[in-house]
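Visitor: I'm new to this one. Could you pick a single part and take me through it slowly?

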Amino acid sequence: MAHKIDPVRAVEIRRLAKNVLVKLREWLQARAGGPIEPLEMLPIQPRDVAAMMKLKYQELEEIPNPTFACANTRVDGMFDRDSSVLAVAERQGLPRMRFTAAHELGHFLLDLQLTSLREAAIDSSDSRVLRMPGEDEADLFATELLMPDKLVSAVYIEYFGRSFSANDINEDEAYQLTWGRLSPSELRALSSLQRASVFAGAKGYGGSQFPPLTEVFGVSTKAMSRRLVELNLVS
Ligand SMILES: [Zn+2]
(Lines give C-alpha, C1' and ligand atoms only; values in the text may rest on other atoms or scores of the structure.)
Protein backbone atom coordinates (compact mmCIF):
# COMPACT_ATOMS: atom_id res chain seq x y z
CA MET A 1 0.00 0.00 0.00
CA ALA A 2 1.41 3.37 -0.93
CA HIS A 3 1.05 5.22 2.33
CA LYS A 4 1.72 8.91 2.01
CA ILE A 5 2.42 9.09 5.70
CA ASP A 6 5.28 10.85 7.39
CA PRO A 7 7.73 8.06 8.42
CA VAL A 8 7.87 9.20 12.05
CA ARG A 9 4.08 9.19 12.22
CA ALA A 10 3.99 5.73 10.61
CA VAL A 11 6.28 4.39 13.35
CA GLU A 12 3.92 5.87 15.97
CA ILE A 13 0.87 4.30 14.34
CA ARG A 14 2.53 0.87 14.15
CA ARG A 15 3.50 1.17 17.82
CA LEU A 16 -0.03 2.19 18.76
CA ALA A 17 -1.50 -0.82 16.94
CA LYS A 18 0.98 -3.13 18.70
CA ASN A 19 0.05 -1.63 22.08
CA VAL A 20 -3.63 -2.16 21.36
CA LEU A 21 -2.89 -5.82 20.56
CA VAL A 22 -0.94 -6.25 23.82
CA LYS A 23 -3.88 -4.77 25.76
CA LEU A 24 -6.36 -6.88 23.78
CA ARG A 25 -4.47 -10.05 24.69
CA GLU A 26 -4.56 -9.10 28.39
CA TRP A 27 -8.25 -8.29 28.10
CA LEU A 28 -9.03 -11.62 26.39
CA GLN A 29 -6.94 -13.52 28.95
CA ALA A 30 -8.79 -11.86 31.81
CA ARG A 31 -12.10 -12.89 30.25
CA ALA A 32 -10.94 -16.43 29.49
CA GLY A 33 -9.32 -16.79 32.91
CA GLY A 34 -6.18 -18.28 31.38
CA PRO A 35 -3.32 -17.72 28.97
CA ILE A 36 -4.02 -17.06 25.29
CA GLU A 37 -1.22 -17.43 22.75
CA PRO A 38 -0.91 -14.64 20.15
CA LEU A 39 -1.93 -17.02 17.34
CA GLU A 40 -5.05 -17.96 19.28
CA MET A 41 -6.19 -14.33 19.03
CA LEU A 42 -6.78 -14.74 15.29
CA PRO A 43 -8.76 -13.46 13.60
CA ILE A 44 -8.40 -10.21 15.53
CA GLN A 45 -11.96 -9.04 16.26
CA PRO A 46 -12.56 -5.27 15.98
CA ARG A 47 -15.71 -5.99 18.01
CA ASP A 48 -13.49 -7.05 20.96
CA VAL A 49 -11.20 -4.05 20.56
CA ALA A 50 -14.25 -1.77 20.61
CA ALA A 51 -15.62 -3.47 23.72
CA MET A 52 -12.24 -3.17 25.40
CA MET A 53 -12.31 0.56 24.63
CA LYS A 54 -15.81 0.80 26.10
CA LEU A 55 -17.37 1.52 22.72
CA LYS A 56 -20.76 0.09 21.77
CA TYR A 57 -20.10 -1.91 18.61
CA GLN A 58 -22.96 -2.29 16.15
CA GLU A 59 -23.36 -4.05 12.83
CA LEU A 60 -26.27 -2.38 11.08
CA GLU A 61 -28.19 -3.03 7.91
CA GLU A 62 -28.23 0.69 7.24
CA ILE A 63 -26.34 3.48 9.00
CA PRO A 64 -28.52 6.59 9.12
CA ASN A 65 -26.95 9.55 7.45
CA PRO A 66 -28.44 12.83 8.67
CA THR A 67 -25.35 14.91 7.99
CA PHE A 68 -24.96 14.57 4.24
CA ALA A 69 -27.10 16.70 1.98
CA CYS A 70 -27.14 13.96 -0.62
CA ALA A 71 -29.30 11.17 0.78
CA ASN A 72 -27.67 8.66 -1.54
CA THR A 73 -24.28 9.01 0.08
CA ARG A 74 -23.57 5.58 1.44
CA VAL A 75 -22.20 5.23 4.96
CA ASP A 76 -20.14 2.09 5.65
CA GLY A 77 -18.65 3.02 9.00
CA MET A 78 -19.12 5.58 11.75
CA PHE A 79 -18.19 6.46 15.29
CA ASP A 80 -19.47 8.99 17.75
CA ARG A 81 -17.58 9.93 20.89
CA ASP A 82 -20.57 11.42 22.73
CA SER A 83 -22.67 8.28 22.51
CA SER A 84 -19.60 5.94 22.49
CA VAL A 85 -20.85 4.11 19.40
CA LEU A 86 -18.87 2.50 16.61
CA ALA A 87 -20.98 1.05 13.81
CA VAL A 88 -20.40 -0.66 10.48
CA ALA A 89 -22.80 -1.49 7.64
CA GLU A 90 -23.40 -5.20 7.10
CA ARG A 91 -23.76 -5.06 3.32
CA GLN A 92 -19.98 -4.83 2.84
CA GLY A 93 -19.59 -8.51 3.73
CA LEU A 94 -17.60 -9.80 6.67
CA PRO A 95 -13.95 -9.16 5.63
CA ARG A 96 -14.59 -5.59 4.50
CA MET A 97 -16.83 -4.91 7.47
CA ARG A 98 -14.01 -5.93 9.78
CA PHE A 99 -11.52 -3.75 7.91
CA THR A 100 -13.92 -0.79 8.04
CA ALA A 101 -14.41 -1.30 11.79
CA ALA A 102 -10.62 -1.40 12.32
CA HIS A 103 -10.28 1.72 10.14
CA GLU A 104 -12.86 3.55 12.29
CA LEU A 105 -10.99 2.43 15.42
CA GLY A 106 -7.91 4.00 13.81
CA HIS A 107 -9.71 7.33 13.40
CA PHE A 108 -11.01 7.07 16.95
CA LEU A 109 -7.51 6.64 18.37
CA LEU A 110 -5.58 8.87 15.96
CA ASP A 111 -7.89 11.81 15.20
CA LEU A 112 -8.72 12.99 18.68
CA GLN A 113 -10.16 16.25 17.39
CA LEU A 114 -12.90 14.34 15.54
CA THR A 115 -15.97 13.96 17.75
CA SER A 116 -17.86 11.91 15.21
CA LEU A 117 -17.43 10.60 11.70
CA ARG A 118 -19.54 8.90 9.05
CA GLU A 119 -17.91 7.67 5.87
CA ALA A 120 -17.98 5.30 2.95
CA ALA A 121 -15.22 2.69 2.74
CA ILE A 122 -12.89 3.84 -0.01
CA ASP A 123 -10.16 1.63 -1.33
CA SER A 124 -6.77 3.32 -0.94
CA SER A 125 -5.63 1.83 -4.25
CA ASP A 126 -8.35 3.75 -6.11
CA SER A 127 -6.44 6.81 -7.28
CA ARG A 128 -9.54 8.40 -8.80
CA VAL A 129 -10.81 9.27 -5.37
CA LEU A 130 -9.37 12.14 -3.40
CA ARG A 131 -8.95 11.04 0.18
CA MET A 132 -8.62 13.12 3.32
CA PRO A 133 -5.13 13.14 4.91
CA GLY A 134 -6.13 10.94 7.87
CA GLU A 135 -7.45 8.13 5.65
CA ASP A 136 -4.12 6.48 4.88
CA GLU A 137 -3.24 6.65 8.58
CA ALA A 138 -6.49 4.90 9.57
CA ASP A 139 -5.83 2.25 6.89
CA LEU A 140 -2.31 1.71 8.20
CA PHE A 141 -3.68 1.25 11.71
CA ALA A 142 -6.32 -1.21 10.45
CA THR A 143 -3.69 -3.20 8.51
CA GLU A 144 -1.36 -3.40 11.51
CA LEU A 145 -4.22 -4.34 13.82
CA LEU A 146 -5.81 -7.09 11.69
CA MET A 147 -2.61 -8.41 10.09
CA PRO A 148 0.22 -7.98 12.63
CA ASP A 149 3.56 -8.47 10.85
CA LYS A 150 4.87 -11.18 13.19
CA LEU A 151 1.68 -13.24 13.05
CA VAL A 152 1.30 -12.97 9.27
CA SER A 153 4.94 -14.02 8.84
CA ALA A 154 4.57 -16.88 11.33
CA VAL A 155 1.49 -18.38 9.65
CA TYR A 156 2.83 -17.75 6.13
CA ILE A 157 6.16 -19.47 6.92
CA GLU A 158 4.37 -22.35 8.64
CA TYR A 159 2.35 -22.83 5.43
CA PHE A 160 4.90 -22.13 2.69
CA GLY A 161 8.30 -22.45 4.35
CA ARG A 162 10.01 -19.48 2.70
CA SER A 163 9.45 -16.22 0.83
CA PHE A 164 8.85 -16.41 -2.91
CA SER A 165 9.71 -14.09 -5.77
CA ALA A 166 8.78 -14.15 -9.45
CA ASN A 167 11.83 -16.09 -10.59
CA ASP A 168 12.17 -18.75 -7.94
CA ILE A 169 8.99 -20.81 -8.18
CA ASN A 170 9.69 -24.23 -9.68
CA GLU A 171 7.36 -26.58 -11.53
CA ASP A 172 6.41 -28.62 -8.48
CA GLU A 173 5.79 -25.55 -6.30
CA ALA A 174 3.65 -23.88 -8.98
CA TYR A 175 1.60 -27.06 -9.29
CA GLN A 176 1.03 -27.31 -5.54
CA LEU A 177 0.15 -23.64 -5.19
CA THR A 178 -2.36 -23.49 -8.01
CA TRP A 179 -3.47 -27.14 -8.30
CA GLY A 180 -1.98 -27.26 -11.75
CA ARG A 181 -3.77 -24.16 -13.02
CA LEU A 182 -0.63 -22.06 -13.53
CA SER A 183 2.88 -22.91 -14.68
CA PRO A 184 6.00 -21.20 -13.25
CA SER A 185 6.19 -18.94 -16.30
CA GLU A 186 2.53 -17.97 -15.93
CA LEU A 187 3.12 -17.17 -12.26
CA ARG A 188 6.16 -15.13 -13.27
CA ALA A 189 4.04 -13.10 -15.72
CA LEU A 190 1.67 -11.97 -12.95
CA SER A 191 2.09 -8.74 -10.99
CA SER A 192 3.49 -9.23 -7.50
CA LEU A 193 0.03 -8.49 -6.05
CA GLN A 194 -1.58 -11.11 -8.28
CA ARG A 195 1.15 -13.59 -7.32
CA ALA A 196 0.58 -12.80 -3.65
CA SER A 197 -3.16 -13.44 -4.08
CA VAL A 198 -2.32 -17.06 -4.98
CA PHE A 199 -0.64 -17.44 -1.58
CA ALA A 200 -3.35 -15.46 0.24
CA GLY A 201 -6.02 -17.89 -0.95
CA ALA A 202 -4.07 -21.18 -1.04
CA LYS A 203 -5.79 -24.01 0.86
CA GLY A 204 -2.87 -26.37 0.88
CA TYR A 205 0.82 -26.75 0.13
CA GLY A 206 3.58 -29.31 0.57
CA GLY A 207 1.13 -32.11 1.28
CA SER A 208 -0.75 -30.25 4.02
CA GLN A 209 -4.15 -28.67 3.89
CA PHE A 210 -4.95 -25.54 5.84
CA PRO A 211 -7.41 -22.67 6.06
CA PRO A 212 -6.26 -19.90 3.70
CA LEU A 213 -4.49 -16.85 5.14
CA THR A 214 -7.52 -14.72 4.22
CA GLU A 215 -9.67 -16.89 6.48
CA VAL A 216 -7.17 -17.11 9.37
CA PHE A 217 -6.90 -13.30 9.50
CA GLY A 218 -10.49 -12.60 8.39
CA VAL A 219 -9.50 -10.18 5.64
CA SER A 220 -10.12 -9.84 1.90
CA THR A 221 -7.81 -11.39 -0.69
CA LYS A 222 -6.77 -7.89 -1.75
CA ALA A 223 -5.87 -6.80 1.78
CA MET A 224 -3.86 -9.98 2.48
CA SER A 225 -2.10 -9.84 -0.90
CA ARG A 226 -0.95 -6.30 -0.21
CA ARG A 227 0.26 -7.30 3.23
CA LEU A 228 2.30 -10.24 1.85
CA VAL A 229 3.99 -7.90 -0.64
CA GLU A 230 4.57 -5.22 2.03
CA LEU A 231 6.24 -7.77 4.30
CA ASN A 232 8.40 -9.04 1.40
CA LEU A 233 7.01 -12.55 1.76
CA VAL A 234 5.91 -12.56 -1.88
CA SER A 235 7.45 -10.34 -4.54
ZN1 LIG B 1 -11.68 7.01 7.17
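Visitor: Let's look at the largest nonpolar core: which of its 49 residues touch the most other members?

Guide: Keep in mind that this is a predicted model. The residues you're after are Leu86, Leu145, Leu146, Phe199, Met224 and Leu228. Domain 1 (7-146) and domain 2 (149-230) both give residues to this core, so the core lies between them. Take Phe199 as an example: leaving aside residues up to four places away in sequence, Phe199 touches Phe160, Leu213, Leu228 and Val234.

Now for the two domains themselves. Their centres, taken over C-alpha atoms, are 27 Å apart. Where they meet, domain 1 puts in 10 residues and domain 2 puts in 9. On the domain 1 side, helices H3 and H4 (133-146) each supply at least two residues, with H3 giving the largest share, 4 residues. Sorted by class, that side of domain 1 has 7 nonpolar, 1 polar and 2 charged residues.

Helix H3 leads us on to a sheet. This is an open sheet of 4 strands in the order S1-S3-S2-S4, with mixed pairing. Strands S1 (56-60) and S4 (116-119) are at the edges, each pairing on one side only. On average, neighbouring strands are turned by 15° against each other, direction ignored. H3, residues 94-110, packs on this sheet and touches S1, S2 (77-80), S3 and S4, its direction making about 35° with that of S2. As for S1 and S3 (residues 85-89), they run parallel and are joined by 5 bridges; one pair of bridge partners is glutamine 58 and alanine 87, the latter in S3.

Terms used
Residues are numbered from 1 along each chain as its sequence is written. This is a predicted model: local features need pLDDT of at least 70, side-chain atom pairs count only at pLDDT 80 or more; totals for chains, interfaces and linings use all residues. Two strands pair if DSSP finds at least two bridges between them. Axes are lines fitted to C-alpha atoms, for helices over the stretch in contact, and angles run from 0 to 180 degrees between N-to-C directions. Two residues are in contact if their C-beta atoms, placed from the backbone, lie within 7 Å. A nonpolar core is a set of buried Ala, Val, Leu, Ile, Met, Phe, Trp, Tyr and Cys residues joined through C-beta atoms within 7 Å. A residue is buried if 20 or more other C-beta atoms lie within 10 Å of its own, exposed if 12 or fewer, and partly exposed in between; C-beta atoms are placed from the backbone. Domain bounds come from an automatic or database domain assignment. Ala, Val, Leu, Ile, Met, Phe, Trp, Tyr, Cys and Pro count as nonpolar, Asp, Glu, Lys and Arg as charged, and the others, Gly among them, as polar.
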